[in-house]
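Hi everyone, thanks for having me. Let's bring the model up on the screen and take a walk through it together.

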Amino acid sequence: MGPSDDPRNDDELLAASAIGDGAAFAAFYRRHIAAVLAFLARRVGSEDVAADLAGETFAGALLACGRYRPGEAPASAWLLGIARNKLRESARRGRVEVQARTRLQMPPIAFDDQDIQRIQELVGAGARALQLLEQLPTAQRDAVRARVVDELDYEQLALKLGHSEQLVRQHVSRGLRRLRTLMKEQQ
């Protein structure tokens with residue numbers, strides 16, 4: 001069984017990662033790298049910078065996974081929050097942070113053509129996810145787009161859509177589940 005086929009949910013993977021299970025973090029990484037790369041690539045316009053920021057994001061997630069609290073937000077939203085913070089830090093300082101890599105005592109990563117091709121494939125997977133988003137029922141599509149793409153918290157989302165927070169959470173959860181199913185069917 002490959003790490004991307006790990007049957008554990010994200011909460012279980014992060015809990016296992018927090019106690020040193022490297023395979024759990026590898027599975028979490030493989031499950032979310034395409035979405036993180038797509039999120040960052042749309043914002044920075046450079047695949048190299050997006051890849052660096054994705055590395056920083058996952059390094060930050062590895063360092064912070066013990067502080068992740070299931071139930072407060074989906075793990076994917078928590079991870080995109082880390083990505084958003086890394087992006088903000090990079091923009092503020094005018095360069096990609098190397099702080100997490102230094103703390104982990106990792107040398108800078110050099111990308112070759114094969115690496116860039118893989119990044120492009122993963123960014124394409126994120127773009128496909130956005131296309132598949134359009135196939136969701138309207139309520140789910142609007143909720144997922146506002147939560148994941150527009151990055152609204154559930155309280156803001158409930159106000160925007162005129163629904164209760166509980167209903168909005170349900171729409172987001174069902175929409176993300178359906179989106180995962182659609183992506184698996186395309187593979």
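Let's start with F25: is this residue buried or exposed? F25 has a relative accessible area of 11%, so F25 is buried, since anything under 20% counts that way. Keep in mind, please, that what we are looking at is a predicted model.

Now look along to F28, which is buried too, with a relative accessible area of 0%. Both residues belong to helix 2, which covers residues 22–44. They are three residues apart, about one turn of the helix.

What do the two rings do? There are four aromatic pairs in the structure. One of them is F25 with F28, a tilted pair with 6.1 Å from centre to centre and 40° between the planes. Why tilted? Because 40° is neither under 30 degrees, which would be stacked, nor over 60, which would be edge-to-face.

Let's stay in helix 2 and find Y29. Which kind of pair does Y29 form with F58? This one is edge-to-face, with the centres 4.7 Å apart and the planes at 70°. The pair connects distant parts of the chain: Y29 sits in helix 2, F58 sits in helix 3 (residues 47–64), and 29 residues separate them. F58 is buried at 4% relative accessible area, whereas Y29 is partly exposed at 36%. Put these residues together, and F25, F28, Y29 and F58 make up one aromatic cluster.

Next, please rotate to helix 1, residues 10–18. Helix 1 packs with helix 2 at an angle of about 140°, and their axes are 8 Å apart. An angle over 145 would count as roughly antiparallel, so at about 140° these helices are oblique to each other. The crossing of helix 1 past helix 2 is left-handed. And who meets whom? On the helix 1 side we have D10, L13, L14, A16 and S17, and on the helix 2 side A24, F25, A27, F28, R31 and H32. You'll recognise F25 and F28, the tilted pair from before.

One more ring to visit: Y154. The charged end of R169 sits over the ring of Y154, 4.0 Å from its centre.

Finally, let's zoom out. The protein chain has nine helices and zero strands. How much of the chain is buried? Of its 187 residues, 40% count as buried. And among contacts with a separation of 6 or more, 59% come from residues 24 or more positions apart. Thanks for listening!

Note on methods:
Residues are numbered from 1 along each chain as its sequence is written. This is a predicted model: local features need pLDDT of at least 70, side-chain atom pairs count only at pLDDT 80 or more; totals for chains, interfaces and linings use all residues. Side-chain values use heavy atoms; hydrogens and water are left out. Rings of Phe, Tyr and Trp (its six-membered ring) pair if their centres lie within 6.5 Å; planes under 30 degrees apart count as stacked, over 60 as edge-to-face and the rest as tilted. Helices (H or I, at least four residues) and strands (E, at least two) are DSSP runs, numbered from the N terminus. Buried means under 20% relative accessible area, exposed over 50%, partly exposed in between (1.4 Å probe, protein chains only). A charge sits over a ring if NZ of Lys or CZ of Arg is within 6 Å of the ring centre and within 35 degrees of the ring normal. Axes are lines fitted to C-alpha atoms, for helices over the stretch in contact, and angles run from 0 to 180 degrees between N-to-C directions. Angles under 35 degrees count as roughly parallel, over 145 as roughly antiparallel, 65 to 115 as roughly perpendicular and the rest as oblique. A crossing is left-handed if the near helix is turned anticlockwise from the far one by less than a right angle, and right-handed if clockwise. Contact means heavy atoms within 4.5 Å.
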